[in-house]
Amino acid sequence: MHIVTLKFSGRQFSVAAGETVLEAAQRAGVALPYSCRAGVCGSCKATLLEGRCEYPRNPPLALNPGARAQHAVLLCQAVPASDLVIEAREVASARDIARRQIEVVVAARVQLAPEVIGLQLLPASGEPRLNWLPGQYLDVLLQDDRRRPFSIANGPRADGMIELHVRHVAGGGFTSWVSDELRIGDRLRVEGPLGTFVPREDSERPMVFMAGGTGFAPVKAIVEHFMALGTQRSMQVYWGARSAGDIYLRSLAERWASDHPNLQFHPVVSDPEQAMGLRCGLVHEAVLEDQPDLSGHEVYMSGPPAMIHAGHQLFLDAGLPESRLYYDSFEYAPDVLAQIIAARAGISEA
Ligand SMILES: Cc1cc2nc3c(=O)[nH]c(=O)nc-3n(C[C@H](O)[C@H](O)[C@H](O)COP(=O)(O)OP(=O)(O)OC[C@H]3O[C@@H](n4cnc5c(N)ncnc54)[C@H](O)[C@@H]3O)c2cc1C
Ligand code: FES
């Protein structure tokens with residue numbers, strides 16, 4: 001067993017043999033940032049000030065050589081080989097919400113776009129409601145301990161309704177089943193809340209939101225939260241997709257903008273032939289065209305890994321401090337990524 005000490009708060013927790021720092025922190029009720037839990041997105045990046053870690057599960061793919069030279073570690077994969085002192089940002093608001101598994105019933109199913117299905121899930125009779133912060137995600141629990149993460153597109157409600165936006169992935173087991181077979185009245189087992197992509201309310205800085213495809217789901221929940229609070233902070237909401245039809249809740253976002261003078265909505269379409277009069281290009285480039293200096297902003301982004309990766313580097317280059325960049329990268333589930341990473345390692349060794 002090893003002890004981890006967090007530099008700023010001085011909080012300490014113990015890590016059992018083989019456990020990752022993130023798993024031990026969650027057991028101890030310490031909310032450290034994370035998203036993919038597979039070592040690929042980088043949102044759990046922290047700085048190791050003392051001690052030594054190993055990566056017996058997935059390699060820390062989200063760390064480039066420069067970051068490793070500066071003692072960066074990925075908390076979702078790092079297993080301590082000694083006691084550690086770590087500099088990491090705690091997400092205090094996510095700390096006290098109990099994670100639970102419940103059975104839910106599909107109450108509504110809507111085709112939002114050709115490849116996107118909207119689901120409304122209600123707790124099955126006798127089940128408690130989940131509680132969560134806007135922007136968090138849940139895992140749909142499948143057989144054989146497999147899980148599939150999906151962001152919750154709404155904030156908590158009295159009836160416990162959970163809204164999901166599920167994009168069909170070619171060759172994907174669960175999302176193909178949702179697309180082809182799932183019906184109203186079907187039951188699912190889910191666990192949540194998970195993740196630390198949540199509203200940060202302790203500043204007056206202008207906010208930029210960037211969603212790609214179904215990355216709109218958690219952005220919707222967070223923006224609706226800020227609107228309900230009556231925030232006067234500037235909110236620039238960018239939503240990128242391949243075609244105009246993939247901006248599947250455009251009228252909702254346009255209504256936000258007409259009802260809230262501090263909110264502007266910017267739909268951006270990457271395929272010029274399917275833009276139908278909307279702005280063309282890549283959504284992260286549109287953000288930077290409009291906001292070349294991000295040093296005074298906070299940025300929330302969620303969606304496909306390629307968009308997150310591009311936005312991450314370019315937004316930091318535009319002056320955004322890394323501590324004010326919050327994101328969920330829509331990676332595949334940890335078990336699938338582990339298999340893909342292991343297969344790639346096998347190929348490169350052969
Ligand atoms: C924090 C988070 C939040 C998310 N929120 C959302 C959301 O709100 N909406 C949304 O649409 N998506 C979201 N995602 C992405 C979503 O979880 C995935 O699209 C989903 O898990 C795919 O599940 P599946 O069972 O359909 O596909 P899987 O069966 O997991 O397959 C995924 C892909 O990997 C391939 N594959 C599977 N196994 C292997 C293997 N062994 N080797 C090589 N390739 C393989 C498949 O062919 C397929 O192309 C989120 C992801 C994360 C991490
Ligand atoms: S790299 Fe650790 S949570 Fe994504």
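1. A residue counts as buried when its relative accessible area is under 20%. Keep that cut-off in mind for helix α6, residues 283–290. Val283, His284, Ala286, Val287 and Leu288 are buried there. Note that this is a predicted model.

2. What do the buried residues of α6 pack against? Four strands and a helix are on the list: β14 (207–212), β15 (235–241), β16 (263–269), β17 (279–280) and α7 (305–317).

3. Now step back to the whole chain. The protein chain is divided into domain 1 (2–90), domain 2 (100–194) and domain 3 (207–329). Look at domain 1 and domain 3. Their C-alpha centres lie 29 Å apart. Seven residues from domain 1 and six residues from domain 3 take part in the contact.

4. The size of an interface is often given as the accessible area lost when the parts come together. Domain 1 and domain 3 bury about 490 Å² between them. Carbon and sulfur atoms account for 41% of that area. On the domain 1 side, Ser35, Cys41 and Arg89 supply 66% of the area buried against domain 3. No other three residues supply more.

5. What polar links join domain 1 and domain 3? Five residue pairs are in polar contact, both residues at pLDDT 80 or more. The side of domain 1 that touches domain 3 has two nonpolar, three polar and two charged residues. The count of salt bridges between domain 1 and domain 3 is one.

6. Side chains of opposite charge can pair when their charged atoms come close. Glutamate 322 and lysine 45 do so in a salt bridge, at 3.2 Å from N to O. Glutamate 322 is partly exposed, at 32% relative accessibility. Lysine 45 is also partly exposed, with a relative accessible area of 29%.

7. The structure holds 22 salt bridges. One of them joins the side chains of aspartate 139 and arginine 37, at 3.0 Å from N to O. Aspartate 139 lies in strand β10 (residues 137–141), and arginine 37 lies in the loop between α1 (21–27) and β3 (45–50), so the pair ties together parts that are 102 residues apart in sequence. Is aspartate 139 buried or exposed? Aspartate 139 counts as buried because its relative accessibility is 0%.

8. Next, a salt bridge within a helix. Glutamate 224 pairs with lysine 220, and their closest N and O atoms are 3.4 Å apart. Both lie in helix α4 (residues 216–229). They are four residues apart, so about one helical turn separates them. Glutamate 224 is partly exposed, at 25% relative accessibility. Lysine 220 is buried, with a relative accessible area of 6%.

9. Some salt bridges share partners. In this way Arg37, Arg99, Asp139, Arg147 and Glu191 are joined into one network. Find these five residues in the model and trace the links.

10. One last residue to check is serine 151. Serine 151 is found in strand β11 (residues 147–151). Why does serine 151 count as buried? Its relative accessible area is 8%, and the cut-off for buried is under 20%. Which residues does serine 151 touch, leaving out those up to four places away in sequence? The list is Gln136, Tyr137, Glu163, Leu164, Ala217, Pro218, Asp328 and Phe330.

Technical notes: Residues numbered from 1 in each chain as written. Chains lettered and ligands numbered in written order. Predicted model: local features only at pLDDT ≥ 70, side-chain atom pairs only at ≥ 80, totals over all residues. Heavy atoms only, no water. Buried < 20%, exposed > 50% of the residue type's maximum accessible area, 1.4 Å probe, protein only. Helix = DSSP H or I, 4+ residues; strand = E, 2+ residues; numbered from the N terminus. Contact = heavy atoms within 4.5 Å. Domains from an automatic or database assignment. Buried area = accessible area lost by both parts, 1.4 Å probe. Salt bridge = Lys/Arg side-chain N within 4 Å of Asp/Glu carboxyl O. Polar contact = N/O pair within 3.5 Å; in protein donor to acceptor, adjacent residues only side chain to side chain. Nonpolar A, V, L, I, M, F, W, Y, C, P; charged D, E, K, R; others polar.
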